[in-house]
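User: I want to see how the labels on this model are earned. Please set each value against its definition.

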Amino acid sequence: MIDLLRKNPTRSSPLRKGMEKALPTDTDSRFQLLRVEEMPFLQMEPVYSGQVQSTLSRLVEERQNLGVLLEAGLEPTRTVLFSGPPGVGKTLGARWVARELGLPLMILDLSAVMSSYLGRTGSNLRHVLDYAKSIDCVLLLDELDAIAKRRDDSGEIGELKRLVTVLLQQLDDWPSSGLLIAATNHSDLLDPAVWRRFEQLVDFELPKEAEIRAFL
Ligand SMILES: Nc1ncnc2c1ncn2[C@@H]1O[C@H](COP(=O)(O)OP(=O)(O)OP(=O)(O)O)[C@@H](O)[C@H]1O
Ligand SMILES: [Mg+2]
């Protein structure tokens, strides 16, 4: 039966090929580290300011016209940092980009991983990033400041340094086949070495009257 299903999958899915590999789990608890939205779905279309909308659209267009870029010797944007206050549509923006690109969205909530698995977070993070790299997807590192915010807690500094190191290495050699988006409420709290490495910064702001009207 399983063989039959493998040969004749009932539904076409961009992840099908990559899914032959098991999703990364925490080594001890087997807790699944990544949340996967195979076909991202939005209940309502987001409304953003002109600046944010045009940046998000450009990210999508770059990948839809990959051939033209490559011919000109250019690569699409690989790493993006979304920052802004809570509830302005950062997570939603990542889902929108993934849907426009027809790619699965993989979400790693760093605050959840940090709180439960500190001590193993470095290896978990490396594991997740290696996995996401091997699949055409949009990877969202949500609540990135969970790493930065905890710096004041001296007991955890060693582990945090390791985490930041893992992240820096991965950001530097992220493949252009995938798109890594990180989201934070506090870009000012982030280690400068981290945010400098993102190729594109997107500042989400609270909606102004025009956006609220458009949304309504
Ligand atoms: N620009 C927007 N246009 C339309 N709806 C929005 C927008 N921003 C937020 N929303 C609504 O608010 C909800 C919360 O947004 P979202 O989770 O993307 O915020 P966030 O910026 O990721 O917040 P946090 O920093 O707390 O994670 C969305 O599911 C959506 O319903
Ligand atoms: Mg969010």
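Analyst: What follows takes salt bridges, burial and a surface patch in turn. This is a predicted model: local features need pLDDT of at least 70, side-chain atom pairs count only at pLDDT 80 or more, and totals for chains, interfaces and linings use all residues. Residues are numbered from 1 along each chain as its sequence is written, and side-chain values use heavy atoms, with hydrogens and water left out.

User: What makes E199 and R78 a salt bridge?

Analyst: The rule asks for a side-chain nitrogen of Lys or Arg within 4 Å of a carboxyl oxygen of Asp or Glu. E199 and R78 meet at 2.8 Å, N to O, so the pair qualifies. E199 lies in the loop between α9 and β6 and R78 in the loop between α3 and β2, so the pair ties together parts 121 residues apart in sequence.

User: Why is R78 called buried?

Analyst: Buried means under 20% relative accessible area, exposed over 50%, partly exposed in between (1.4 Å probe, protein chains only). R78 has 17%, so the label is buried. E199, at 40%, counts as partly exposed.

User: Why does E205 count as exposed?

Analyst: E205 has 53% relative accessibility, so the label is exposed. Its salt-bridge partner K208 is partly exposed, at 48%.

User: Which residues form the nonpolar patch on the surface?

Analyst: M44, V47, I212, F215 and L216 form the patch, with about 530 Å² of accessible area together. Patch members need over 30% relative accessible area and no salt bridge; nonpolar side chains (Val, Leu, Ile, Met, Phe, Trp, Tyr) are joined within 5 Å, like charges within 9 Å. F215 has 45%, so F215 counts as partly exposed.

Definitions and conventions: Chains are lettered from A and ligands numbered from 1 in the order in which they are written. Accessible areas come from the Shrake-Rupley method with a 1.4 Å probe; for residues, only the protein chains shown count as cover. Helices (H or I, at least four residues) and strands (E, at least two) are DSSP runs, numbered from the N terminus.
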